[in-house]
Amino acid sequence: MRKAWLSVLLALCAFVLPARAQDRPPVSDLLAGDADARFGMLLQAVRAAGMTGTLDGLQDATLLAPTDAAFDATLAYLGISWQDLLADPESLARILDDHILPRRLQLRDLSGGPAEPTRAGDSVQFALSGGELTVNGAPISDVDNLAAHGVVVHVIDRVLLPPDMAQAAAANRAHIRVMHLSPDAGPLSVLRDGVPSGLPPLTFGQLSEWVESPAGERQFALGSGDAPPRAEALSEIAPGAWLTVAAIGLAESDDLRLVLLNEDVTPLAAGEARLSVLHAVQNAPALDVALDGQLLIGGLAYPGTSGGNDGFDSRVVSASTYTLTVSASAGGAAQLLSASVQLAEGYTILIAITGTPPRPQMLVRAFNLALLLPDAPPG
């Protein structure tokens, strides 16, 4: 009798377990039912490329699913609109095929960092470092979502592009950093195109690290907490540009503003350095900047107050250690600031004159572009 019941139980298990696996939704339904609605653009792309049947027909395969935010970022780097991409089913199909891996790969299969072929015939490289799993450098934020027919879906935070498209996107990159130079403003953050720039909030005198940004027309806004933006600026950023976004002015008088400084990154010769100076002292006269008593920059005015020498200037000098002095231009007034400054070979040194007229301050920051990116021009 016990053997009979055991036979019945095993038969039920054999029937029920496969049924549960088959109850998993098709890939398109899994994406459409996402609780955070992250895949609207991916589903549109699949339909525009005529690949809904391909996606739902996958068997024992892996889908790397980019989020809507990932598509938005990629469009900015490609310099095209979403409508333009949807109207190009051939390019869409190439992109989507690079997100499909012909075999089923769960998290346990990826931690060793395998290189895997894609349906398009390209290859993607997985890596696990510092607890973060990536594919071709794109973070994988959600793993092992199971769909019908043995398909596993991993969520990725960047769109993977075919090699030629990836090369075009890489060429359309620029870099930005933010400098907080408003003496009476609290912590400030910068939005780029209405979303966080990826840079942390800064307090007075702080300069952020460089972060990558798509080139093209970008809008920057200055914010504080959840309050509406307090200042905005629009800039056409050239590919390869290095842009410092500086917050200047006084919050108390409600004239906080952004100035966008295009850093000169042309190559420097041996023995040379570059000195850039920003006048960020509101209500102060134009300034003269001298090295070892020799005038280097004369009549540097506060941004927006003079059309000729307005706020920011850069000069190439011999690499050395100098006594740098800052004086008011009008009437040959006594020097306001003096400091010993090392201008090291190959470096660009940004000196911001900030604070308020009674107590101006000098902030000195330096970078060597050749040390920031392996493929960057020297400077």
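Which elements each supply at least two residues of the lining of the second largest pocket? I will come to that pocket in a moment and answer there. One caution before anything else: this is a predicted model.

So, the second largest pocket. The elements asked about are β23, residues 359-367, and α10, residues 369-372; each of them gives at least two residues to the lining. β23 has the largest share, with 3 residues. The volume of this pocket is about 160 Å³. Its lining consists of R177, L207, S208, E209, W210, R365, A366, F367, N368, L371 and L372. Sorted by class, that lining has 6 nonpolar, 2 polar and 3 charged residues.

β23 also belongs to a sheet, so let me stay with that strand. The sheet is open, has 4 strands and runs in the order β19-β16-β22-β23, with mixed pairing. β19, residues 312-318, and β23 are at the edges with a single partner strand each, so each has one side without a neighbour in the sheet. From one strand to the next, the twist averages 20°. Inside this sheet, β16, residues 272-279, and β22, residues 348-356, are paired in the parallel sense over 6 bridges. As one position to look at, L278 is opposite A352 in β22.

Next, the largest pocket. It holds about 920 Å³ of space. There are 31 lining residues, and those closest to the centre of the pocket are A70, A73, T74, Y77 and R158. Which element gives the largest share of that lining? It is α5, with 7 residues. α5 spans residues 68-78, and at least two lining residues each also come from β4 (123-129), α9 (163-171), β10 (195-196) and β11 (211-214). By class, the lining of the largest pocket splits into 16 nonpolar, 5 polar and 10 charged residues.

α5 has a helix partner as well. Helix α3, residues 40-48, packs with α5 at an angle of about 70°, and the two axes are 7 Å apart. The angle falls in the range of 65 to 115 degrees, which means that α3 is roughly perpendicular to α5. On the α3 side the contact uses G40, M41 and L42, and on the α5 side D68, F71, D72 and L75. That contact counts 4 nonpolar, 1 polar and 2 charged residues.

α3 leads on to the enclosed space. How many cavities of 30 Å³ or more are there? The count is 1. The volume of the largest cavity is about 60 Å³. Its lining is made of L42, V46, M51, L55, L63, L96, H99 and I100. L42 appears there, and L42 is also one of the α3 residues in the contact with α5. The cavity lining divides into 7 nonpolar residues, 1 polar residue and no charged ones.

Last, the other sheet. This one is open too, with 7 strands in the order β2-β1-β7-β6-β5-β4-β3 and mixed pairing. β2, residues 100-101, and β3, residues 115-117, are the edge strands, and each pairs on one side only. Further in, β5, residues 132-135, pairs with β6, residues 138-146, in the antiparallel sense over 2 bridges. Here V135 is opposite A138 in β6. β4 connects this sheet to the earlier part of the talk: it sits in the strand order, and it supplies at least two residues of the largest pocket's lining.

Note on methods:
Residues numbered from 1 in each chain as written. Predicted model: local features only at pLDDT ≥ 70, side-chain atom pairs only at ≥ 80, totals over all residues. Heavy atoms only, no water. 1 Å grid on protein atoms, 1.4 Å probe; cavity = no way out; pocket = protein on both sides within 12 Å on 5 of 7 lines; lining within 4 Å. Points joined across faces, edges and corners; volume = space filled by probe spheres on them. Nonpolar A, V, L, I, M, F, W, Y, C, P; charged D, E, K, R; others polar. Axes fitted to C-alpha atoms, helices over the stretch in contact; angles between N-to-C directions. Parallel < 35°, antiparallel > 145°, perpendicular 65-115°, else oblique. Contact = heavy atoms within 4.5 Å. Pairing = 2+ DSSP bridges.
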